[in-house]
Amino acid sequence: MLIRMLKTNRMILVGMLILLVFAVGCSKQTAPVQQEAAPEAPAAAAPVLVSDDELSYRNEPLMDPSDTPVPSFEAPDPGDADLMERAFENSPPLIPHTTDGYLPITINDNQCLECHLPENAVDAEATATPASHLYDIRRDVQLKDLNPANFNCTQCHATQAEVAPLVANTFEPYFRTDDGASQSNLLDILNDGVE
Ligand code: HEC
Ligand code: HEC
């Protein structure tokens, strides 16, 4: 009985050895991994130089506007112009009339005031400067006259020229009040949402 078990064990052992040799042999055959050459790092892209000549939306040298057509700022005289819709809520309204003869605004010559200060606006049939322009927002003080910070009207209010936009504008304004496209109320709503 014992001898038979030994015999069987030996046979199993031999069998396992053969299997082992076979397995090692096989694995040796599959072992050599083809060492592929490491892919070469892509060559750093050569910097693309864009010259001043290619940068401009005008399709002409950026630094030389001599071929750029001068836009026409022709507009009706004050009193004959149609008001334009506000670009967005409480945006500075665009100037619909000509400003020929009114610019540049200087410390001694600001003709805008002659028609747009509240005391002149009714007679001139012009929109009066809003309450915000007679208020010192920074110091929270009501002023009797125009806040000098608002003296240079064309810093914010723009004259209009007849030009084709170079880039289409898809912005759509949202007005919270029904008359938001024609009136401003900045001073009234300035603290909205502030405790
Ligand atoms: C001679 C009077 C007069 C002068 C000077 C004048 N305006 Fe006007 N402005 C008007 C009138 C009137 C209107 C209303 C539109 C119209 O009837 O032409 C108007 C409209 C405007 C509007 C649009 C208001 C709105 O409700 O949309 C702005 C902004 C404006 N003017 C700014 C200016 C600025 C800035 C100057 C100075 C560079 C100026 N105006 C000079 C009379 C004048
Ligand atoms: C710092 C920018 C700034 C300057 C400078 C400025 N405005 Fe304005 N203006 C605004 C803005 C923003 C609004 C709309 C919000 C509001 O009511 O203040 C406005 C509104 C107006 C309106 C429309 C009022 C209404 O009831 O809808 C008139 C008219 C006007 N401004 C005239 C002038 C005149 C004239 C001057 C120069 C004396 C001037 N503004 C200077 C920013 C400016």
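The following dialogue concerns a predicted model and the terms applied to some of its residues.

Student: Why is E125 called exposed?

Tutor: A residue counts as exposed if 12 or fewer other C-beta atoms lie within 10 Å of its own. E125 has 9 other C-beta atoms within 10 Å, and therefore E125 is exposed.

Student: What makes phi of E125 worth noting?

Tutor: Most residues other than glycine have a negative phi. Phi of E125, however, is near 55°, a positive value in a residue other than glycine. E125 lies in the loop between α4 (118-124) and β1 (135-136).

Student: How do you know whether D140 is buried or exposed?

Tutor: The limit for an exposed residue is 12 or fewer other C-beta atoms within 10 Å. For D140 there are 7 such atoms, so D140 is exposed. Phi of D140 is near 60°, which is positive in a residue other than glycine, and D140 is found in the loop between β1 and β2 (141-142).

Student: Why is the peptide bond from L103 to P104 called cis?

Tutor: The peptide bond from L103 to P104 has omega near 0° and is cis. Most peptide bonds are trans. P104 lies in the loop between α2 (52-55) and α3.

Student: What makes up the shell around ligand 2, by class?

Tutor: The shell has 10 nonpolar, 12 polar and no charged residues. Of the 22 residues around ligand 2, S132, C153, C156, S184 and L186 come nearest. Helix α3 (residues 112-116) contributes the largest share of this shell, three residues.

How values were computed: Residues are numbered from 1 along each chain as its sequence is written. Chains are lettered from A and ligands numbered from 1 in the order in which they are written. This is a predicted model: local features need pLDDT of at least 70, side-chain atom pairs count only at pLDDT 80 or more; totals for chains, interfaces and linings use all residues. A residue is near a molecule or strand if its C-beta atom, placed from the backbone, lies within 6 Å of it. Helices (H or I, at least four residues) and strands (E, at least two) are DSSP runs, numbered from the N terminus. Ala, Val, Leu, Ile, Met, Phe, Trp, Tyr, Cys and Pro count as nonpolar, Asp, Glu, Lys and Arg as charged, and the others, Gly among them, as polar. A residue is buried if 20 or more other C-beta atoms lie within 10 Å of its own, exposed if 12 or fewer, and partly exposed in between; C-beta atoms are placed from the backbone.
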